[in-house]
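Hi,

Here's the structure I said I'd pass on. Have a look at it first, and then read on for what turned up.

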Amino acid sequence: MNRRQAMVAMGAFAVLAGCGSDDSKKQADNLSANREGAMPGYGAGTQFKAAVPLSFTMLYNNHPFYPIKNDWLFWSELGKRTNVTLQPSVVPLSDYENKRSLVIGAGDAPLIIPKTYPAQETPFVASGAILPVSDYLDLMPNFKEKVAKWNLQADLDTLRQEDGRFYLLPGLHQDHWVDYSLAVRADILEKHGLEIPETWEELRTVLKALKAEYPDSYPFSDRWGTLTPGANLLNIVGISYGAPGGWGYGEGVVWDPNIQKFAFTGATESYRQMLEYLHTLVKEKLLDPESFTQTDDLAIQKLVSGKSFVIGTNAQTLVNEYRPPLEKANPEARLVKIPLPVGPLGPIKYGAGNTRLENGVMISKKARDSKNFVAMMQLVDWLWYSDAGQAFAKWGVEGVTHTKDASGKYELASDVDFVGLNPKAPKHLQKDFGFSNGIFAYGGPTELLQSTFSEEEIAFQKEMNSRKPLPVPPPHPLTDEEREQVTLWQTPLKDHVTQNTLKFILGKRDFGEWGAYVKELEANNMTSFVNMVNGAYERYKQKHG
């Protein structure tokens with residue numbers, strides 16, 4: 001896609017801004033006292049460099065696979081390029097969301113708060129603890145350019161709160177990015193003359209054939225269930241049915257484009273059909289009943305030992321966590337990531353929340369009072385949204401961590417590994433240098449996203465991107481009072497859905513009781529909740545168009 005001029009991008013985005021509220025007037029806010037260190041003439045495509053050395057605090061989600069190091073090249077090179085030092089407040093990945101809530105609630109949050117997924121910012125809006133970032137988009141020319149160039153207006157609108165503003169700077173993807181699916185022992189399938197399944201029903205047929213060959217096994221044993229039961233499985237199967245659970249459950253409602261209303265996900269016919277399918281797999285002993293709650297290590301151990309042949313996966317998990325131990329135990333084993341099986345909705349592609357938005361950055365409200373506020377927003381814009389910043393965060397330094405050929409294609413340095421591209425290299429792009437860090441490297445052009453993909457993963461993406469996207473759900477922001485009420489309703493509703501989801505799947509509750517289950521949800525204020533969401537949608541539509 002050709003790059004459009006910044007003026008075009010600004011004009012296109014102004015339409016979006018006007019849809020939500022009079023952002024242009026807010027953006028005219030006097031920032032003359034907050035420009036110390038800002039770069040004069042900063043614009044889209046410009047290398048940002050602060051006029052004086054600056055330092056900004058940030059919350060840092062410490063990933064156990066590549067724990068933070070002070071001597072990472074990322075830090076020193078960032079300082080060299082931007083004249084800025086980041087001061088991370090380090091929090092373990094397992095405690096990040098809880099710690100983030102605590103420090104924001106206490107008023108002690110660092111200025112930059114990354115790794116925040118859409119909707120996670122909502123609890124902090126009413127308190128005024130985070131900045132309405134949509135008021136300051138004039139400071140972020142790269143962000144505005146990408147929104148216009150990739151036609152992300154509808155996606156971004158989903159973040160708007162009841163006041164028409166949004167409070168999260170999300171990662172922006174050029175296209176939907178589907179990463180999670182299933183990994184299958186292709187060598188076992190070939191041994192028994194079985195084809196890679198293309199639909200969920202074909203998967204059931206394959207699992208039945210494997211069960212016949214290996215009667216003591218559960219052919220499918222899944223992971224990611226310790227924090228959210230069936231997190232990945234309920235999401236990817238649910239997506240195919242039009243009613244995602246697990247990680248995809250979100251706020252508990254799903255948009256029905258046919259009737260132009262939201263419905264409660266856990267009570268829809270689609271959700272029931274998805275549960276019936278999974279129950280059938282469990283009943284026929286094709287799916288390990290421990291899949292919904294077992295530890296990841298146990299699920300991987302079953303795969304490695306040959307007790308199972310199918311497991312949930314994403315691209316990095318396949319390469320980093322499954323293949324090394326599996327190939328060590330069985331050099332002939334061949335594990336492949338298959339395209340997401342097709343369900344009742346047909347061949348669809350579906351990003352998180354059915355948008356092209358990723359986790360992103362909140363800005364602490366107190367940052368607005370800093371004399372370096374403009375410079376900080378310029379840094380955020382360059383690092384997270386410029387072509388150069390995104391390439392730097394992902395690939396590192398040319399001549400050290402990678403090289404580029406005449407066509408601009410990236411290649412890892414011979415002594416650096418990442419996602420198994422150089423498996424025998426002594427150094428690792430994330431662990432030893434700090435690049436391709438999930439805090440900084442996400443979103444961006446599809447070409448950059450796929451630049452670290454193997455040919456196998458690119459083939460997977462090509463298949464998924466050939467599918468049809470679902471419509472983006474419309475905005476339905478709640479007032480502060482409504483949000484407070486909904487919060488009281490959502491927790492018991494979600495708990496009841498989670499508990500009964502497992503009961504239905506595992507056969508501890510008969511599907512003849514589905515009507516009773518729905519009435520139990522109604523007793524927990526389901527109808528009031530959905531009516532409030534639909535009322536918010538209608539109100540926003542009438543107010544903002």
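**Salt bridges and a cavity**

Let's start with Glu-290: with a relative accessibility of 38%, this residue counts as partly exposed. Before going further, please keep in mind that this is a predicted model.

Glu-290 has a partner. Its side chain meets that of Lys-302 in a salt bridge, with 2.8 Å from N to O. Glu-290 sits in the loop between α10 (269-283) and α11 (296-304), while Lys-302 is in helix α11, so the pair ties together parts that are twelve residues apart in sequence. Is Lys-302 buried or exposed? Lys-302 counts as buried, because its relative accessibility is 13% and the cut-off for buried is under 20%.

That pair has plenty of company: the structure holds 32 salt bridges. Here are some others to look for:

- Arg-185 and Asp-187 also meet through their side chains, at 2.8 Å from N to O. Both of these residues are buried.
- Lys-371 forms a salt bridge with Glu-36, and their closest N and O atoms are 3.5 Å apart. This one links distant parts of the chain, 335 residues apart: Lys-371 is in the loop between β11 (357-363) and α13 (373-385), and Glu-36 is in the loop between α2 (23-27) and β1 (54-62). Lys-371 is partly exposed, at 45% relative accessible area, and Glu-36 is partly exposed too, at 42%.
- Glu-77, Lys-80 and Arg-81 are linked in a network of salt bridges.

For an exposed residue, try Glu-484 in helix α17 (residues 480-506). Its relative accessible area is 58%, and it counts as exposed because the cut-off is over 50%. If you want to get a feel for distances, find Arg-323 as well: Glu-484 and Arg-323 are 161 residues apart in sequence and 46 Å apart in space, C-alpha to C-alpha.

Now for the empty space inside. How many cavities of 30 Å³ or more are there? The count comes to one, and about 40 Å³ of space lies in the largest cavity. Residues lining the largest cavity include His-173, Asp-175, His-176, Pro-445, Leu-449 and Asn-465. The elements that give two or more residues to this lining are α15 (446-449) and α16 (455-465). Sorted by class, the lining has two nonpolar, eight polar and one charged residues.

Happy browsing!

Conventions: Residues are numbered from 1 along each chain as its sequence is written. This is a predicted model: local features need pLDDT of at least 70, side-chain atom pairs count only at pLDDT 80 or more; totals for chains, interfaces and linings use all residues. Side-chain values use heavy atoms; hydrogens and water are left out. A salt bridge is a side-chain nitrogen of Lys or Arg within 4 Å of a carboxyl oxygen of Asp or Glu. Helices (H or I, at least four residues) and strands (E, at least two) are DSSP runs, numbered from the N terminus. Buried means under 20% relative accessible area, exposed over 50%, partly exposed in between (1.4 Å probe, protein chains only). On a 1 Å grid over the protein atoms alone, a cavity is a set of points where a 1.4 Å probe fits but cannot get out, and a pocket is an open set with protein on both sides within 12 Å along at least five of seven lines; lining residues have an atom within 4 Å of a point. Grid points are joined across faces, edges and corners, and a volume is the space filled by probe spheres set on the points. Ala, Val, Leu, Ile, Met, Phe, Trp, Tyr, Cys and Pro count as nonpolar, Asp, Glu, Lys and Arg as charged, and the others, Gly among them, as polar.
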